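Here's a casual walk through a two-chain model, from overall build to chain contact. Have the structure open as you read.

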Amino acid sequence: MATVATRRPIADRAIGLVLIAPALAVVGLFFVAPLLMSAVVAFRGKEGGFTLEHFAKAFDFYTTDLLFTLWIVVLSTLLIGLVAIAIAGYLTLGGHPRSVAILRWLYRWPLFIPFVVAGQLMRTFLAKNGMLNHVLIGSGLIEPLSAQSLLDWRGIVVAFVWKQAPFVTLLLAGAMASLETQHIEAARNLGARRLRVLIDIVLPQVRGTLLVGLVLSFVTMLSVLSVPLMINPNSPTMMTVDVAYRISTHGDYPVANALCLLSLGLAAIGAVFYLRQAARSAEAT
Amino acid sequence: MKPRIFALLAGLVFAGAIGAQTTTLNVITAGDQNMVDYVNNYLAPKFEAANPGVKVRAVGTGPGDAGSQKIYEKLSAQQKAGNNEWDVDVAVIHQLASATMVKEKLLMPYRGDVAAGKLVTRDTAKNALGADVDGYVLPMFHSQIVFAYNPDLVKSPPKSFAELNEWVKKNPKQFGYNGVKGGMSGVGFVTGWVSAYSGMADKLEKGPYDPATAPAIDKALSGLKEFNQYVVMTPGNAGTLDMLNRGEIAMGPVWVDMFYTWQADGRMSPKIKLVLPSPGLPGQPMYYVIPAKAAHAALAKKFIELAESPEVQADGIVKQFNWYPGIDPQYVQPKLDQAAWNKLFTDITPADLSKYGRPFPLSPYFKEITEGYERVVLK
């Protein structure tokens, strides 16, 4: 402490800057600069002047896809939240040790499966004559004629929830495990049922972690190309497919960049939540 | 210890000397994995055996025009950087990219330098979607989009687009295709539809481009919007084949070569048959090209000479990979047994192929149709 106090503040700041310079350079070079270039291309007309025509075209062609993307990602985020709360809640409050151990072992599996593989799995699992319908028909739950393909928006949502729920659960279960157990025990002693303990005692204390997990999932899902491409590349589809299509088929970087900036706008909503939460927890410590 | 180290060093130096003598011929190919497999597993061993000290290295850039676009961007970057030796010796590209690359002087004219140049007769060797590529390209193979159908479910398949339009209304959700964002078999179906319903098939293929035709294209596409209510959208070229095989759809547009390869691998029911409807569906070649400043241009020509020889075209292109030959079939047929020849032409005869196998529309029309599809059909 004493040595720090004798050091001059300017030298201190210089050392700090030097220490973060490599990280800053990487962020600047590989993130901020391409982002600026992307923005420049999105607003530059054929003759080099400023134009909004690429955005006009992006909205003209892809408004449906923009809304579709938002709908898919918001719905998936909500479902991921529910699944994660259910699993993490059971892991924390579950009364049957063996079930808890099995669940703890099982739920992490999708974490290690890449999105592209998840997409491929869903493609055969959710198809009209796929495994899911075979099982449902075989067990007499549905008639063969009423079997339908889930390879549309529902398939994308299923793939996202399956892939991302374990990630949020992992964060959430960790946060729940580090809670003081006295609160829970006190509530139980006073006769609260497990669901009530989960909703009223446990969840409010891990709200921040849940929010961070969900925001990270939200942003990740916005950027996934493989899943929509493999399950439902036709209209309406997600923005990532449109961006890939504009570039690969038309070599049309301006509209692709305009679409990227629009996705960035969506991701920014998530970032605002994330930063607000981060600032709050920084204040708290 | 010392002699051992000496031996090791000597060995290293010796290995280095051999390494220095090896020349690597860089082949870069657009298209599906089967293209890379074809070069690596089939062509490379033959070429390396005939040319000691040469190593062929093939890299794939991905399916569809997107793959060719990547090759274009790679060569264009080297041109702009002013490099004198480019790191690609042979490229395999689609028609759309070849037109751009010839225009931007990224390619070397070489057809006159290889003997196989004389065995090529189809119009595609000179003309790529309306652009003059004469001398710069040799077709590696031709492929064709056709309808595949399940004869258990479809007794007499529709023979034309008009019959198909009637058929889907009687059999809703039995025809499937992959739109314009999921691969070329869907794109080909859409351009085929526009050719059939705009009444300007010839103009779309031969030009000249006339912006005033846009309303006619939009009108054809609005018919497709109605048609789409009765069909299933599939996820990609392979998605259509998958759904046919699982019995989820009864008919759909597929690439002939993919179809036969899947059947040969046991991934597609042997019962499924093919039909080429009137007034036709598009097909396309892929081209062998040599970049303007290829580091090993002479070797590249030798490589293409081998790849275009009637023996390789017969055994590799037709028999093993189920493509239609790139050179004139009359030179290929004598090198093949009758069974292999018949297999490729059972459902679709050479006569059908020459009558209903069409090129893709010129690139401005192509763009107008695919964008029109997003504007008119998808909205």
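What follows covers the fold of chain A and then its contact with chain B.

This is a predicted model, where local features need pLDDT of at least 70, side-chain atom pairs count only at pLDDT 80 or more, and totals for chains, interfaces and linings use all residues. Residues are numbered from 1 along each chain as its sequence is written, with chains lettered from A and ligands numbered from 1 in the order in which they are written.

Chain A has twelve helices and zero strands, with helices (H or I, at least four residues) and strands (E, at least two) taken as DSSP runs numbered from the N terminus. The C-alpha atoms of chain A fit a box of roughly 75 × 70 × 25 Å along the principal axes. The radius of gyration of chain A is 24 Å, while a compact globule of 285 residues would sit near 19 Å; that radius is taken over C-alpha atoms, and the globule rule is 2.2 Å times the number of residues to the power 0.38.

In chain A, 33% of the 285 residues are buried, meaning 20 or more other C-beta atoms, placed from the backbone, lie within 10 Å of a residue's own.

Now for the contact (C-beta atoms, placed from the backbone, within 7 Å):

| Chain | Residues in the contact |
|---|---|
| Chain A | 20 residues |
| Chain B | 19 residues |

On chain A's side, helix 3 (53-93), helix 10 (226-231) and helix 11 (239-250) each supply at least two residues. Helix 11 of chain A gives the largest share, five residues.

Note on methods:
Two residues are in contact if their C-beta atoms, placed from the backbone, lie within 7 Å. A residue is buried if 20 or more other C-beta atoms lie within 10 Å of its own, exposed if 12 or fewer, and partly exposed in between; C-beta atoms are placed from the backbone.
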